[in-house]
Structure formats: structure tokens, C-alpha cells
Amino acid sequence: MGASSNPSRTADTRDRLIDAALVVVARDGLGEANVKAIAQEAGVTAGLLHYHFASKDELLFSAVERAGAEYIAALDALIAGHEPAALFDAYLGFAAASLHAHRPLFALRFALAVRAINEPALAQRLAGGDAAISARLAQVLSRHAGRTKPDPADEVGARMIKAAFEGLMLSWLSRPDFPMEAALARFAAAVRAAV
């Protein structure tokens with residue numbers, strides 16, 4: 001009986017491979033993360049990895065896309081579950097909590113972003129997730145301001161906040177001594193004052 005005959009087993013194997021890819025990239029770096037190491041981390045053979053994913057890149061893109069969809073769903077729940085007056089602070093808390101919970105994912109996302117500088121197809125593939133997250137943040141800003149729909153200033157503000165937050169994350173990922181908690185607190189205070 002093949003793996004495809006049991007959809008839940010197939011999904012479980014794919015999820016294990018995605019989780020393993022995040023661990024290996026965070027541990028070894030994107031360049032050193034190879035199919036053999038990812039398969040070993042997942043407890044499967046390299047052949048089974050290739051059964052589920054055509055290439056290492058497809059596996060890595062799937063990891064980013066799965067995590068992006070989960071993040072967007074969490075943002076949607078956050079937006080739906082908070083009153084406008086409390087939403088912005090709830091978003092800041094959510095973003096801060098996401099850092100430690102998803103550090104391997106952020107390492108992978110930034111490694112792919114660097115590659116995307118010279119690979120337009122990769123840049124385009126990553127852009128969809130970025131746009132969806134910025135759109136949710138624009139909703140947070142508009143609701144915080146008492147509007148039901150984001151205006152152009154909310155959209156620009158969302159992109160600026162996302163870019164600044166990503167700069168903090170990059171510093172945190174690349175320098176072990178970066179004071180992330182203190183930086184986040186100052187960042188949150190500055191953004192709160194600006195909105």
C-alpha cells in the first residue's frame with residue numbers, strides 16, 4: 001500500500017519533513033541544509049522526502065507557506081477577537097510571542113529573502129505572504145483608529161511597521177547578544193505613540 005493511499009499519513013509525513021527542514025536550516029544554515037540531513041531529522045529516508053517534495057526548495061517553500069497560512073489565520077482570529085481599543089496592544093503581544101515560538105521559521109524566511117534578491121520568481125512567491133500579513137496589520141491599524149476599512153495611510157503604516165519589525169528580527173537572529181526584549185518594548189512604545 002503506497003503512502004498516497006492514506007491521506008492522514010501523507011500529511012503527517014509532509015508536516016514532519018517541514019518541521020525537520022525548519023530545524024535543520026536554523027541549526028546548519030540554508031546553504032548547509034541538505035536533503036539527507038532533513039530526512040534524517042524527520043526520521044525518514046531521502047527517497048521518501050523526494051516522494052513528497054520535488055526538491056529541497058519545494059520543501060522550504062512549503063514550510064514558509066504553511067507557516068504563513070497559520071500566522072494569517074492567527075492574525076484573523078486576533079482581529080476578530082478583540083475590541084478596537086485593545087487590538088493594537090494584542091497585536092504587539094502576539095508579534096512578540098511569535099518570535100520565540102517561530103525562531104527557526106524566521107531564520108528560514110530571512111535566508112530565502114536574501115536569495116530572493118537575485119531570484120525574481122522566489123521574490124514573487126514570497127511577496128504573496130508578505131502582502132497578506134501587511135493587509136492584516138493595516139486592518140489592525142484602521143480598527144485601532146476607529147475605521148472599519150484601512151485607508152492608504154494604514155497600508156503604508158503597516159508596511160513600515162512590518163519592515164521595522166523584520167529589521168529587529170534580523171538583528172536578533174544574526175547577533176546572539178541583541179537585546180530583543182528591550183528593543184521590542186521600545187519599538188512597541190514608539191509605534192503606539194505614532195498610531
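**Exercise 1. Identify the residue with which D15 forms a salt bridge, and place both partners in the chain.**

Solution. Step 1: D15 pairs with R66 in a salt bridge whose closest N and O atoms lie 3.2 Å apart. The criterion applied here is a side-chain nitrogen of Lys or Arg within 4 Å of a carboxyl oxygen of Asp or Glu.

Step 2: The two residues belong to distant parts of the chain, 51 residues apart, with D15 in helix α1 (residues 7-28) and R66 in helix α4 (residues 56-81). Helices (H or I, at least four residues) and strands (E, at least two) are DSSP runs numbered from the N terminus.

Step 3: D15 is partly exposed, at 33% relative accessibility. On this scale, buried means under 20% relative accessible area, exposed means over 50%, and partly exposed lies in between (1.4 Å probe, protein chains only).

The basis of these values should be kept in mind. The model is predicted, so local features need pLDDT of at least 70 and side-chain atom pairs count only at pLDDT 80 or more, whereas totals for chains, interfaces and linings use all residues. Residues are numbered from 1 along each chain as its sequence is written, and side-chain values use heavy atoms, with hydrogens and water left out.

**Exercise 2. Determine which residues are linked with R66 in a network of salt bridges.**

Solution. Step 1: R66 also meets the side chain of E70 in a salt bridge, at 3.8 Å from N to O.

Step 2: E70 and R66 are separated by about one helical turn, because they stand four residues apart in helix α4. E70 is partly exposed, with 46% relative accessibility.

Step 3: The network of salt bridges comprises D15, D19, R66 and E70. A search of the whole structure finds 17 salt bridges.

**Exercise 3. Decide whether S142 is buried or exposed, and describe its surroundings.**

Solution. Step 1: S142 is located in helix α7 (residues 120-144). Its relative accessibility is 1%, so S142 counts as buried.

Step 2: Leaving aside residues up to four places away in sequence, S142 touches R147, T148, K149, P150 and D154; a contact requires heavy atoms within 4.5 Å.

Step 3: One of these neighbours, R147, forms a salt bridge with D151 (3.4 Å, N to O). R147 is partly exposed at 31%, and D151 is partly exposed at 24%.

**Exercise 4. State which helix gives the largest share of the lining of the largest pocket, and characterise that lining.**

Solution. Step 1: The largest pocket holds about 670 Å³ of space. Of its 32 lining residues, G68, L105, F106, R109 and I133 are the closest to its centre.

Step 2: Helix α4 gives the largest share of this lining, ten residues. Each of α4, α5 (84-101), α6 (103-116), α7 and α8 (152-174) supplies at least two residues.

Step 3: The lining divides into 20 nonpolar, four polar and eight charged residues.

**Exercise 5. Establish which element gives the largest share of the lining of the second largest pocket.**

Solution. Step 1: The volume of the second largest pocket is about 180 Å³. Its lining includes R147 and D154, both of which touch S142.

Step 2: The elements giving two or more residues to this lining are α7, α8 and α9 (180-194). The largest share, five residues, comes from α8.

Step 3: By class, the lining contains eight nonpolar, two polar and two charged residues.

**Terms for Exercises 4 and 5.** A pocket is an open set of points on a 1 Å grid over the protein atoms alone, where a 1.4 Å probe fits, with protein on both sides within 12 Å along at least five of seven lines; lining residues have an atom within 4 Å of a point. Grid points are joined across faces, edges and corners, and a volume is the space filled by probe spheres set on the points. Ala, Val, Leu, Ile, Met, Phe, Trp, Tyr, Cys and Pro count as nonpolar, Asp, Glu, Lys and Arg as charged, and the others, Gly among them, as polar.
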